[in-house]
Amino acid sequence: MAQSRPVAGILWMLVTGLLFVGMTAVVKHVGSDVPAAQSAFLRFALGLPFAVPMLWPLWRTGLGRNEAGLFAARGVVHTVGVICWFFAMTRIPLAEVTAMNYLNPIYVTLGASLFLGERFEARRLVAVGAALVGALVILRPGLRAVEAGHFAMLVTALFFAGGYLIAKRLSGQVSAGVVVGMLSVTVTLGLLPFALWVWVPVGWAEIGWFFLAAVLATLAHYTMTLAFASAPVSATQPATFLQLVWSVLLGAAAFGEPVDGWVILGGAIIMAAVSFITWREAVARRVGLVTEP
């Protein structure tokens, strides 16, 4: 039962965070020797063997015009987000990438109100404002140089949020496996022309690293699904903050990145905002104040 095993849900989410951070570290290890678009393409292309079996229900029932349009739109926005994410990975510290990625749920909250008809409650406004403060703490414009990688992460969070909103629409029409599988297919196709444009020769070592990244990402999505199936999101969401802790430790140990207290503080503010809105939405739904659009 989804809400009967909170400890299991939190443990699965902890494993999910470790896997995602490991995947991020693998991409960073390959570095800027491989262009961002090519790196992203290799990661998704090598992950296709895990995704294709998920499409079996789609092969049996076919794809309607509305679903096809939504899948294509999600592929486009996710392709842009993935390229920016891979670019940011090689330009700014691991901890900053992780911290700024916490903006995704905030963008989703805004988008749900603007495009899905959800009411924009005061509690959501408070959470959005707090998250923006956290982002400013991380970036500190005027106090330090804001690099291209930071702008790339802002774009990444925005486009990933768009992809999540489209996935929410699709979730009521097709199975979760089809949504995940089609994402891999459409993003791989979307990345292909960009990858060919900047293609550089890669060896078997790089191929191996990108395959490892694909495996870690696939396992992370699977364990995240197990976490959501074991406990409500309000219980598992705070555990994702440990991703920032692991990113700081791994960045310092493996890549010699200095520990920036401002990044930790900003990430904590954003994560607190995300946890607050998740908890408040859960409470509101429990008492019947919020309905799904």
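Where does P35 lie? Select P35 to find out: this residue sits in the loop between α1 (6-30) and α2. Before going further, a few ground rules.

**Ground rules**

This is a predicted model, in which local features need pLDDT of at least 70, side-chain atom pairs count only at pLDDT 80 or more, and totals for chains, interfaces and linings use all residues. Residues are numbered from 1 along each chain as its sequence is written, and side-chain values use heavy atoms, with hydrogens and water left out.

**Whole chain**

Colour by pLDDT, the predictor's confidence in each residue, from 0 to 100. The protein chain averages 79, and 82% of the residues score at least 70. Among the elements, helix α2 (residues 36-46) has the highest mean, 91. Helix α12 (residues 233-236) has the lowest, 60. Now select residues 289-293, where pLDDT stays under 50. The model has eleven contacts for this stretch beyond four places in sequence; contact means heavy atoms within 4.5 Å. Where pLDDT is low, the predicted coordinates should not be read in detail.

Switch to cartoon. The protein chain has 14 helices and zero strands. Helices (H or I, at least four residues) and strands (E, at least two) are DSSP runs, numbered from the N terminus. Among contacts between residues at least 6 apart in sequence, 91% join residues at least 24 apart. Of the 293 residues, 46% count as buried. Buried means under 20% relative accessible area, exposed over 50%, and partly exposed in between (1.4 Å probe, protein chains only).

**Stop 1: P35**

Return to P35. The residue is partly exposed, with a relative accessible area of 22%. P35 touches V198 and V200, not counting residues up to four places away in sequence. Measure to W197 as well: the two are 162 residues apart in sequence and 10.0 Å apart in space, C-alpha to C-alpha.

**Stop 2: aromatic pairs**

Rings of Phe, Tyr and Trp (its six-membered ring) pair if their centres lie within 6.5 Å; planes under 30 degrees apart count as stacked, over 60 as edge-to-face and the rest as tilted. By this rule the count comes to three aromatic pairs. Show F41 and W199, one of them: the pair is edge-to-face, with 6.3 Å centre to centre and 70° between the planes. F41 lies in helix α2 and W199 in the loop between α10 (176-197) and α11 (204-230), so the pair ties together parts that are 158 residues apart in sequence. F41 counts as buried at 13% relative accessibility. W199 is partly exposed, at 39%.

Next, select W85 and F86. These rings also form an edge-to-face pair, at 5.1 Å centre to centre and 75° between the planes. Both residues are buried.

**Stop 3: helix α5 against helix α9**

Which helix holds R74? Select helix α5 (residues 65-89) and R74 is there. R74 is buried yet has no salt bridge. That term needs a side-chain nitrogen of Lys or Arg within 4 Å of a carboxyl oxygen of Asp or Glu. The nearest side chain of opposite charge, E67, is 14 Å away. For charges, Lys and Arg count as positive and Asp and Glu as negative; His and the chain ends are not counted. Look instead at G163: its backbone oxygen lies 3.2 Å from a polar atom of the R74 side chain. Leaving aside neighbours within four places in sequence, R74 is in contact with G163, Y164, I166, A167, V179 and L183.

V77 is also found in helix α5. V77 is buried, with a relative accessible area of 18%. Beyond four places in sequence, V77 touches F159, G162, G163 and I166. The C-alpha atoms of V77 and F159 are separated by 5.4 Å, with their positions 82 residues apart along the chain.

Cross to helix α9 (residues 148-171) and pick T156. At 0% relative accessibility, T156 counts as buried. Its contacts beyond four places in sequence are G81, C84, W85 and N104.

Move along helix α9 to A167. A167 is buried, at 13%. Its contacts, with the same neighbours left aside, are R74 and V179.

**Stop 4: helix α6**

Finish with helix α6 (residues 94-101). Why is it largely enclosed by the rest of the structure? Seven of its eight residues are buried. They are L94, A95, E96, V97, T98, A99 and M100.

Definitions and conventions
A polar contact is a pair of N or O atoms within 3.5 Å; within protein, one must be able to donate a hydrogen and the other to accept it, and residues adjacent in sequence count only if both atoms are side-chain atoms.
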